[in-house]
Amino acid sequence: MNTPLIMFLAFVGLTLLITFWAAKKNTGASAYFAAGRSITGWQNGLAVAGDYMSAASFLGISGMIYVAGYDGFMYSVGFLVAYITVLLIVAEPLRNAGKYTMADLLAYRLKPRPVRALASLSTLVVSTFYMIAQMVGAGAIIKQLIGIPFEPAVIGVGLLMLVYVVFGGMLATTWVQIIKALLLMVGAIMLSYLVLKFHHFSFTEFFNAVAHADYGGSAAPKNLMEPGLKFGVAVAGPWGPIDLISLCLGLVLGTAGLPHILVRFYTVPDAKTARSSVVWAMAIIGLFYIMTTLFGFGAATIIEKAQLTTDGKLDVNMVAPILAKVLGGEFFFAFISAVAFATILAVVAGLTMSASASFAHDFYSNVLHHGKENRPGQEIRVARITAFCVGAASIGFAIYLGPTVNAAFLVGLAFSVAASANLPVIVLSVFWKRFNTTGAVAGLATGLVVSIVLILLSPSGIYGKEGAPFPLSNPGIVSIPIGFLAAWLGTLLSARDPEAEAKFAELKVRAHTGLGSEKATSH
Amino acid sequence: MSEKTPVNWEALEAKPEFRALLAQKKAFILPAFIFCMLYYIALPVLVGYFPEMMKQKVWGEVNVAYVFALSQFIMAWVLAFLYVRVAAKWDKSAAAVIHGHD
């Protein structure tokens, strides 16, 4: 039991060193918020991949595939295809026309104060849900691995994360993401290799075993290759297939609206590098998610459910680490646990970064102080204080909710909100001349409210499975069209905004050519 | 880095080269994106409403559903590759449009 601890400390020590190195290099807002815009394409691709492959991906999807087979794999597919939306629609215009945050793009030709205020709120909501999910995951894992209780585990993770963000800013969190992404890929490749080795390097044998998955001989064989174990009509009733479509819609459109992913595109020198970083990310993420087949499905042929059960409850978040233990012994178990821990730490850092940047840059500087900085460095100071408060709040929420809340549920909420509130407004702002402030406000507010309300009324929400008025666990199929509709109607039903329309020419030229975009600072 | 004279955005936007660039971008991005969405959404639709067809095996225990899911990865990678290739041409056109202003 000491090996995981030693490995944790080694990795944590390394990343703290990086943080202090980055802190020395940090001067000015461009450095703190956007890493000086000096990150290269493949580096950013790795950082994006790292940000994206959170605890829910590595641990959650392994667990989902372990239990529900093919239906769990649908998450893997959606998470990757979502990057086409990012690549084709959002990444380059964003880099060309914005400065530090998603709201920079939205406020380009619209009235800044209401738009930034709502965009900032939306960013805070999405980031918070995502973050609480990670914190809960972290607490549960560390509790199981090291044996300390949930609350101190959560507090410990939270404090570490704060050190990264408060002292290092974007440069430090970027490098943490890069290192973590590399470690995650190494861990995933090793796990996949060991699973294949278990099945004598025969894909025929592997798929045969999956089709008769018996959980290490402890249960009756189940065909995990077949769809329907989670969303099929037989299991989930007539709403099952629609719930699956709704989930898929949220996944494929949500990434393009996730503030903590979008903000990564500001760390590269230009739009062309933003483009190549998306492609790098797609290569890494795609490879990773294909490998979830091997260690997700594979785990179901190897691990008995009893090995994952504590206090009578099946802890599906522990599938990947336990698989490592069974196939590779204590050392590999320690390595995978350290990677899982690093995964959570890095994502939490990235989320805090984007949320605090949004508050400092969008709300504080632009809404409250009309874009003027009272003293130099004030915006950064506000961001650091916000990071501290956001971190403390998420620690508090995670402890309050406890280790049994479903992390995947919270992450799914984040995606739905992003797709319903943020994406419609981003798209319409760049591509529709007539789009005005009222439309943006309507779109952001409606998307935010509708998606949250529907989740609360869903079977995973406050009424529980039986009494839920809304039959789907994933609101996307309803909330995303409503978000677009609200943005569209809000524009049409309100007065035309000649200033906004006049600025459209400028936004168009900037977005599509990169003229006048924020350049890299040398350091 | 700063522009010596203010940029006439309307003039740039009205340039036929710029308009041509936008038309080219639209001609690729719109159909590519729509194709991607349709191909992707076909997955939950088919799996949800035609489960028996999707459960049919094609190679050993590997069924249509799994192959179709894997093909989504290929589809996304191919689209990304095609996009990067065509976007490189757009970069040249964009540079020509703003030549003299940057």
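Q: Among contacts in chain B between residues at least 6 apart in sequence, what percentage join residues at least 24 apart?

A: In this predicted model, the share for chain B is 62%. For chain A, counted over contacts between residues at least 6 apart, 81% join residues at least 24 apart.

Q: Which secondary structure elements does chain B have, and in what pattern along the sequence?

A: Chain B has 4 helices and 2 strands. Along the sequence they follow the pattern α-α-α-β-β-α. The secondary structure of chain A comes to 21 helices and 2 strands.

Q: How do I read the radius of gyration of chain B?

A: Set it beside the value for a compact globule of 102 residues, which would be near 13 Å. Chain B has 22 Å. The C-alpha trace gives the dimensions: along its principal axes chain B spans about 65 × 20 × 20 Å.

Q: What percentage of the residues in each chain is buried?

A: Of the 102 residues of chain B, 25% count as buried. In chain A, buried residues make up 65% of 523.

Q: How many residues does each chain bring to the contact between them, and which elements of chain A take part?

A: Chain A brings 44 residues and chain B brings 47 residues. On the side of chain A that touches chain B, the elements giving two or more residues are α5, α9 (203-211), α11 (240-254), α13 (271-302) and α21 (504-513). Helix α5(A) gives the most, with 11 residues. By class, this side of chain A divides into 28 nonpolar, 10 polar and 6 charged residues.

Q: How are two packed helices described?

A: The description uses the angle between their axes and the distance between the axes. Here, take helix α5 (residues 70-97) of chain A and helix α2 (residues 16-49) of chain B. Their axes come within 11 Å and cross at roughly 170°. That crossing angle makes α5(A) roughly antiparallel to α2(B).

Q: Which residues make the contact between these two helices, and of what class are they?

A: From α5(A) come A:Met74, A:Val77, A:Val81, A:Ile84, A:Leu88 and A:Ile89. From α2(B) come B:Ile29, B:Ala32, B:Phe33, B:Cys36, B:Tyr40, B:Leu43 and B:Pro44. The contact of α5(A) with α2(B) has 13 nonpolar residues, with no polar and no charged ones.

Q: Why is α21(A) described as largely enclosed by the rest of the structure?

A: Count its buried residues: 9 of the 10 residues of α21(A) are buried, so this helix is largely enclosed by the rest of the structure. The buried residues are A:Phe504, A:Glu506, A:Leu507, A:Lys508, A:Val509, A:Arg510, A:Ala511, A:His512 and A:Thr513. After α21(A) comes A:Gly514, with a positive phi near 80°.

Q: Which residues of the largest nonpolar core touch the most other members?

A: The core has 209 residues, and A:Leu106, A:Val157, A:Ile285 and A:Leu323 touch the most other members. Helix α14 (residues 319-368) of chain A gives the most to this core, with 30 residues. Another core, of 9 residues, lies apart from the largest one. Among its residues are A:Leu515, B:Trp9, B:Leu12 and B:Phe18.

Q: What does A:Val157 touch, not counting residues up to four places away in sequence?

A: On that count, A:Val157 touches A:Met135, A:Ala138, A:Gly139, A:Ile142, A:Ile344, A:Leu345 and A:Val348.

Notes
Residues are numbered from 1 along each chain as its sequence is written. Chains are lettered from A and ligands numbered from 1 in the order in which they are written. This is a predicted model: local features need pLDDT of at least 70, side-chain atom pairs count only at pLDDT 80 or more; totals for chains, interfaces and linings use all residues. Axes are lines fitted to C-alpha atoms, for helices over the stretch in contact, and angles run from 0 to 180 degrees between N-to-C directions. Angles under 35 degrees count as roughly parallel, over 145 as roughly antiparallel, 65 to 115 as roughly perpendicular and the rest as oblique. Two residues are in contact if their C-beta atoms, placed from the backbone, lie within 7 Å. Ala, Val, Leu, Ile, Met, Phe, Trp, Tyr, Cys and Pro count as nonpolar, Asp, Glu, Lys and Arg as charged, and the others, Gly among them, as polar. The radius of gyration is taken over C-alpha atoms; the globule rule is 2.2 Å times the number of residues to the power 0.38. A residue is buried if 20 or more other C-beta atoms lie within 10 Å of its own, exposed if 12 or fewer, and partly exposed in between; C-beta atoms are placed from the backbone. A nonpolar core is a set of buried Ala, Val, Leu, Ile, Met, Phe, Trp, Tyr and Cys residues joined through C-beta atoms within 7 Å.
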